[in-house]
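Q: Please take a close look at one part of the structure shown here, and then set it beside what can be said of a whole chain.

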Amino acid sequence: MEFAFTDEQMMIADTAFAFFRENATSDRTRKAMAAEGIDRELWSAFCTELGLSGVGLPEEHGGSGLGMVEFAIIAEAAGARVAPLPMLGLATAARAIAAGGSEAQKAEWLPKLISGEAIASCERVAQLAEQGGRLTGTITPVPHGALADVFVFFSPGKAWLVRADAPGVTVAAHVTMDQTRPFATVTLEDVLAEPLADPQAAIAALHAGGWICLAAEALGGAQEALDRTVAYARERVQFGRPIGSFQAYKHRLADMLVEIEQARSAVYWAACAVDEQSDEAALALHAAKSFCADTFFMVAGNMIQLHGGIGFTWEHDAHLFFKRARSIQTMLGNGSFHREQVATMVLGEAA
Amino acid sequence: MKLGFSPQEEAFRAECADWLQAQMTGEFRDIRGITTLTAKAERRKEWEQHLGEHGWSCIGWPKAWGGRDATLAEQVIFAEEYARAGVPGRVNHIGIELAGPTILAFGTEEQKRRFLPGIAAGSTIFCQGFSEPGAGSDLASVRTKGRLEGGEWVVNGQKIWTSLAHISDWIFVVTRTEDGSKGPKGLTFLMMPLDQPGIEVRGITQINGDAEFNETFFTDARCPADSMIGGVGDGWKIAMGLLAFERGVSTLGQQMAFRNELDEIIAAARANGAAGDPLIRQRIARAEIGLRLMRYGALRMLSNTDHSKIDGAALTYKIQWATWRRSLGELAMDVLGQAGEIAEGEAYEWGTLPNLFLYSRADTIYGGTNQIQRNLIAERGLALPREPRGDL
């Protein structure tokens with residue numbers, strides 16, 4: 001039984017958590033929220049100085065190999081600070097290109113995405129007219145879409161790479177509830193798109209990457225939200241005693257930990273299952289995405305409640321966690337969708 | 001980080017599975033699939049002895065005392081295959097998992113020679129005498145009294161929830177041996193034979209109609225002075241040490257039984273059309289996910305070799321599985337509909353799923369209620385201020 005981090009994985013965790021704790025401060029995050037929803041300096045430092053942006057991506061294109069377990073550790077650390085970073089694009093678009101792109105596409109984009117020189121975003125498209133390799137249609141909502149240099153768009157069985165600067169691409173940024181990962185609408189008008197050579201592989205890779213990224217972010221955010229609420233419970237005094245000594249309060253915190261421990265099992269089960277190409281991988285991914293999103297939302301909601309009035313203020317960070325949690329719940333398939341996939345695996349198709 | 005077991009461990013799994021399957025399709029096929037703790041008690045005592053004869057009774061114990069020195073992983077695998085083969089629960093699980101390890105850790109050589117061979121051979125069945133009518137969650141307030149008199153301990157008082165006392169040979173009891181002592185001080189841990197005039201066992205019928213629990217009354221009950229484990233006043237230390245032995249060995253086996261229950265619900269839902277109900281589908285998916293997460297939580301807990309830190313997975317495990325199983329019972333009834341509320345025969349006896357529904361209400365109570373678990377999680381895991389103790 002070795003379902004525990006190796007020494008190397010522990011080291012990555014220590015490094016990543018220390019980096020984000022030191023650099024992804026509330027002040028910097030709020031500055032990014034008031035602007036375009038990204039801390040570019042932080043992303044650049046993460047990609048170049050820390051050098052962990054290539055985790056899970058092929059070494060021949062600037063990646064550092066390793067796998068989804070290591071990637072999940074990093075996403076968990078970034079999620080713990082609700083860092084305004086295009087991590088999801090790295091988890092989805094970059095992995096789609098690595099798994100399903102042509103050699104030329106990989107050679108052009110992966111080094112730039114890993115070095116932070118370029119930012120990627122990825123979204124499923126509902127309706128798109130395709131004619132002679134040219135695309136027309138509207139894609140929304142695209143996470144961090146207004147900042148992306150390259151998009152991977154996909155629909156069942158198809159995936160394309162679209163350059164943000166290609167003629168016919170217009171991008172409109174939206175004021176978004178979670179300001180750390182704002183959405184945009186991308187409109188394509190007769191845009192020259194490059195199909196990915198192996199769309200099936202690309203879609204499988206972006207789903208695995210995206211679901212693990214969101215689940216791990218949710219885990220990190222939930223744990224941090226709990227830790228901060230526990231710290232508050234110990235110091236805040238009412239009725240002559242720390243509020244954390246009241247059972248009504250304690251029990252709610254205990255319930256949060258019960259969920260978080262399961263979420264932790266879910267993230268690393270899914271990441272390990274993908275790395276080991278286990279038969280359980282699909283089930284694990286659906287389980288992780290749905291369970292961790294629900295856990296984060298439950299914990300972040302409790303964070304506001306248990307802080308009382310201060311938790312409802314803009315000044316306090318609780319709303320950053322709460323809004324990120326809400327956004328993760330719907331992104332890349334909501335809980336009902338993922339649970340229905342699990343139900344289909346155990347029960348067969350719905351009649 | 002890896003998901004599975006090593007090839008050597010998988011080979012051990014195959015060995016366990018082969019032997020257990022052979023027993024359950026052969027000599028002991030009549031007890032296969034029993035899910036209550038009380039049915040066919042005599043046959044299950046024979047099964048305990050059969051396990052002992054073939055060296056499968058207590059594989060985690062030292063070889064010198066009838067075990068196999070099995071690793072933690074091997075013990076987990078055996079428990080898993082045991083449940084997978086449909087073998088009913090061990091009627092001597094208290095002896096194997098609690099009494100034996102306690103004697104191994106705290107007993108004298110003489111006590112080891114006296115008790116361990118019988119437990120290993122399945123001929124000495126143990127039960128546990130901790131709780132009392134006035135000492136449930138608050139175990140330290142036991143009042144059953146013990147006093148030394150002419151080379152013997154003489155015990156007076158009452159224990160409750162003594163699971164399987166009516167078919168057991170021995171009971172270990174926590175007694176108050178220091179007059180006027182309170183709480184965890186002044187307690188002593190004694191091993192007592194049940195078959196004596198001073199002990200009376202009365203069954204307690206549970207909400208499912210079964211009677212696995214008992215009240216056990218002690219009226220000048222006796223045991224030799226050297227039946228004490230540890231010293232006079234060490235009772236709390238021994239009792240707490242005993243509760244720590246259970247380091248998750250049985251968790252995966254227990255989960256295999258849960259797997260069987262969930263599979264039965266899935267089969268019922270397919271058979272009666274409930275599988276087409278989108279809300280039932282969501283709940284079955286939640287149950288499936290919960291069960292898988294329980295497995296990986298247990299594997300995290302068992303893979304953890306750093307016991308210096310609080311292990312969140314271990315600390316939250318009890319409330320997690322108990323709450324999951326209680327929901328599973330409710331899901332079972334919603335899948336079955338009213339058919340689940342009608343017994344198959346003339347007696348107030350229930351099939352697996354209705355029984356699961358009723359029995360699972362106990363899961364969130366015994367071994368530390370959900371409320372006590374939350375206190376433990378908050379105080380030990382989150383270092384929140386301790387609950388103030390009232391003193392009457």
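Is A:Thr229 buried or exposed, and what is its relative accessibility?

A: In this predicted model, A:Thr229 counts as buried because its relative accessibility is 0%, which falls under the 20% cut-off for that class. The residue belongs to helix α7 of chain A, an element that runs over residues 199-235 and so has 37 residues. From its first C-alpha to its last, helix α7 of chain A reaches 53 Å, close to the 54 Å expected at 1.5 Å a residue. The cover over A:Thr229 fits its setting, for α7(A) is mostly covered, with 28 of its 37 residues buried. When neighbours within four places in sequence are left aside, A:Thr229 is in contact with A:Tyr249 and A:Leu253, and also with A:Met303, A:Leu306 and A:His307.

Turning to chain B as a whole, this chain has eleven helices and eight strands. Its radius of gyration is 22 Å, close to the 21 Å that the globule rule gives for 392 residues, so chain B is as compact as a globular protein of that length. The C-alpha trace of chain B spans about 70 × 50 × 50 Å along its principal axes, and 54% of the 392 residues count as buried. Among the contacts in chain B between residues at least 6 apart in sequence, 71% join residues at least 24 apart. Chain B exposes about 17100 Å², of which carbon and sulfur atoms supply 53%, while the mean positions of its 43 positive and 50 negative charges are 5 Å apart.

Definitions and conventions: Residues numbered from 1 in each chain as written. Chains lettered and ligands numbered in written order. Predicted model: local features only at pLDDT ≥ 70, side-chain atom pairs only at ≥ 80, totals over all residues. Heavy atoms only, no water. Helix = DSSP H or I, 4+ residues; strand = E, 2+ residues; numbered from the N terminus. Rg over C-alpha atoms; globule rule 2.2 N^0.38 Å. Buried < 20%, exposed > 50% of the residue type's maximum accessible area, 1.4 Å probe, protein only. Contact = heavy atoms within 4.5 Å. Areas by Shrake-Rupley, 256 points an atom, 1.4 Å probe, with all protein chains shown as cover. Lys, Arg positive; Asp, Glu negative; His and termini not counted. Charge placed at Lys NZ, Arg CZ, Asp CG, Glu CD. Expected span 1.5 Å × (residues − 1).
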